[in-house]
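Please look over the sequence and the model shown here, and keep both in view while reading the paragraphs that follow.

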Amino acid sequence: MTGPAGPAGPAGPAGPTVPAVPGLVSERDGPLLRIRLDRPHKRNALDDAMVAGLTGLIEAAGNDETVRAVLLTAAGEHFCPGFDIVARNAGSSDTGNKGARPRVGGITRRLPSQAHRLIPVLLETQTPIVVAVRGWAAGLGLALTLAADVAVVSETARFLAPYTARGFTPDSGVSWLLPRRVGEVRARRMLLLGERVDAAAAADWGMVDRCVPDDSLEPESERTALTLAGSATVAVGLTKWLLHAGRGASLETHLRDEAFAMELSSRSEDFREGMAAFAQQRSAAFTGR
């Protein structure tokens, strides 16, 4: 299935459906769901429909047991500069339609159902998500990078938290995610001083997983996503849950969660296959069950 996310949806004929959204393209490749931001004339800046569509795609993937990994990429030279706030504040869309500017208080009503819903979905779904980044990743684009399970970035990648330089405060969980990835001092340099971070520094800081030559971005991110798609899906999903839930849990609570996850994963077919492969000194052939 190739083309805009539409009636076929990411889950196949029997799975959940996702309405078509201009600027998003999805494709199923066996257990792997590919999602591409496809608005290169705007450097892939996100609008309301794209945020809702991306949220729907990730939720549908998480609810479909045949999707075992997601690969998020972008068309053109840049990943995503954030939300298209210029178009919103101008009261216009890509089609040139004019509308009234949002009234005071609109942000607090709007964000919980838009970007502030998307980021928790990325973090909490048990389906592993790989992101491939080249060029600029700023604002919401930075949040997408930080919320992914694995971020593979091109040497051309640049990261920016542009909020205070534009007179407003962070959103999309960036002020929560960033210090957990890079530490408070480095997070303050980005959030308060607007420091731009290149790909090599981002990898060195632990903001992203690795920096690769630009011509290696697609094959390297693809290899990583396919590795996850062929892994022990139940165990990987529960491990992702443990990592996220453990950020705010006490040791006592976390140990209880680990026991719960172990109970579930040890009842999976992949657990039996993993143990058999270990005993027979061969590679495991996991089925995601």
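**A walk through the model**

Asparagine 44 sits in the loop between S2 and H1, where helices (H or I, at least four residues) and strands (E, at least two) are DSSP runs, numbered from the N terminus. This is a predicted model, in which local features need pLDDT of at least 70 and side-chain atom pairs count only at pLDDT 80 or more, while totals for chains, interfaces and linings use all residues. Residues are numbered from 1 along each chain as its sequence is written, and side-chain values use heavy atoms, with hydrogens and water left out.

Asparagine 44 counts as buried because its relative accessibility is 0%; buried means under 20% relative accessible area, exposed means over 50%, and partly exposed lies in between (1.4 Å probe, protein chains only). Leaving aside its neighbours within four places in sequence, asparagine 44 is in contact (heavy atoms within 4.5 Å) with residues including Leu37, Asp38, His78 and Phe79. A polar atom of the asparagine 44 side chain lies 2.8 Å from the backbone oxygen of histidine 78.

From this loop we can turn to the sheets. An open sheet of 6 strands follows the order S1-S2-S3-S4-S6-S9, with mixed pairing; two strands pair if DSSP finds at least two bridges between them. Strand S1 (24–29) and strand S9 (210–212) each have a single partner strand, so one side of each is left without a neighbour in the sheet. Strand S2 (residues 32–37) and strand S3 (residues 69–74) run parallel and are joined by 6 bridges, with isoleucine 35 standing opposite leucine 72 in S3. Helix H1 (residues 48–62) packs on this sheet, touching S1, S2, S3 and strand S4 (129–133), and its direction makes about 175° with that of S2; axes are lines fitted to C-alpha atoms, for helices over the stretch in contact, and angles run from 0 to 180 degrees between N-to-C directions.

Another open sheet, of 3 strands, has the order S5-S7-S8, also with mixed pairing. Strand S7 (residues 158–160) pairs with S8 in the antiparallel sense over 2 bridges, and phenylalanine 159 stands opposite valine 197 in S8.

Finally, consider the nonpolar side chains. In soluble globular proteins, nonpolar side chains tend to be buried together. The largest nonpolar core (a set of buried Ala, Val, Leu, Ile, Met, Phe, Trp, Tyr and Cys residues joined through side-chain atoms within 4.5 Å) has 54 residues, and Ile35, Leu37, Phe79, Ile119, Phe159, Leu178 and Met207 touch the most other members. Apart from this core lies another, of 12 residues, among them Val130 and Leu217.

Key
Polar contact = N/O pair within 3.5 Å; in protein donor to acceptor, adjacent residues only side chain to side chain.
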